[in-house]
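Here is a short tour of a few spots worth a look. Please have the sequence and the 3D view open as you read.

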Amino acid sequence: MPSSTFRRTDLAPIRRLVLALACSTLTVPFSTPATTGNGWFSGVCLTSAEPFPPESERLLLRVLTNPLDDGIDAMVLRDPDGKLYAAPDLYAHLQLLPAGPARKVGLDGWFALDAIEQLRYQIDTCAQTLSVDTSRVGATRRYVVSTATERPPPRSELGGYAQTDLQYLTGQDTDLLSGLVDVGVFGSLGLAHSTALYDGD
């Protein structure tokens, strides 16, 4: 009867190789940008730094004041060096008083955001948002008062008027004229007027 010879092979290295390949396919590294809330100060823009234009430009951005703010659309002015300027209506929305002299561009006045101490802001060029943090701004810079000035009382100029209502009747050799006359003068002291009635006598 022929005899068979079996050769025993050590399978431990093969098992280790299969296990290593399985682990490598299951542990694929991944990364996603973390965003919270509305993207306030999220910094999710992954594009390269945007080159600033050679001249100042106006940007329409969504202004966010906290992580849950729906935001408002506002126009800002950006210089070639990246410095931002905002209009007075945006400062009113932020409940801040503009600081420093106004910069005139055409008929509009703009105020630098950097002039407010402890004010923090960031532009996300991908999402076109402007995140603004006013929590560190001193209370002396804040205001919630009306900026309307008291108007002087209206002043009446000197003038006058005259109005008449006349009636003429004729018939059977009879002519009759009657009328109503009203004359008045007005000025800063008030109104004076007189009315006269003529009934034909």
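Y198 is partly exposed, because its relative accessible area of 42% falls between the 20% and 50% cut-offs. Bear in mind that this is a predicted model. Strand β10, which covers residues 190-198, is where Y198 lies. Y198 also takes part in a nonpolar surface patch, together with L166, Y168 and L177. The area of that patch is about 460 Å².

Now for a residue with little accessibility. L77 has a relative accessibility of 2%, so it counts as buried, the cut-off being under 20%. L77 sits in strand β2 (residues 72-78). What is L77 in contact with, once its neighbours within four places in sequence are left aside? The contacts are S56, E57, R58, K83, L84, Y85, R103, V105 and W110. Take R58 from that list: 19 residues separate R58 and L77 in sequence, while their C-alpha atoms are 4.5 Å apart in space.

Finally, the backbone. Most residues other than glycine have a negative phi. Q118 and Q128 are worth checking in that light, and the table gives their values and places.

| Residue | Phi | Place |
|---|---|---|
| Q118 | near 70 degrees | loop between β5 (108-112) and β6 (120-124) |
| Q128 | about 55 degrees | loop between β6 and β7 (129-133) |

Q118 has a positive phi without being a glycine, and Q128 likewise has a positive phi although it is not a glycine. Strand β6 borders both places: the loop of Q118 leads to β6 from β5, and the loop of Q128 runs between β6 and β7.

Conventions: Residues are numbered from 1 along each chain as its sequence is written. This is a predicted model: local features need pLDDT of at least 70, side-chain atom pairs count only at pLDDT 80 or more; totals for chains, interfaces and linings use all residues. Side-chain values use heavy atoms; hydrogens and water are left out. Patches are made of residues with over 30% relative accessible area and no salt bridge: like charges are joined within 9 Å, nonpolar side chains (Val, Leu, Ile, Met, Phe, Trp, Tyr) within 5 Å. Accessible areas come from the Shrake-Rupley method with a 1.4 Å probe; for residues, only the protein chains shown count as cover. A salt bridge is a side-chain nitrogen of Lys or Arg within 4 Å of a carboxyl oxygen of Asp or Glu. Helices (H or I, at least four residues) and strands (E, at least two) are DSSP runs, numbered from the N terminus. Buried means under 20% relative accessible area, exposed over 50%, partly exposed in between (1.4 Å probe, protein chains only). Contact means heavy atoms within 4.5 Å.
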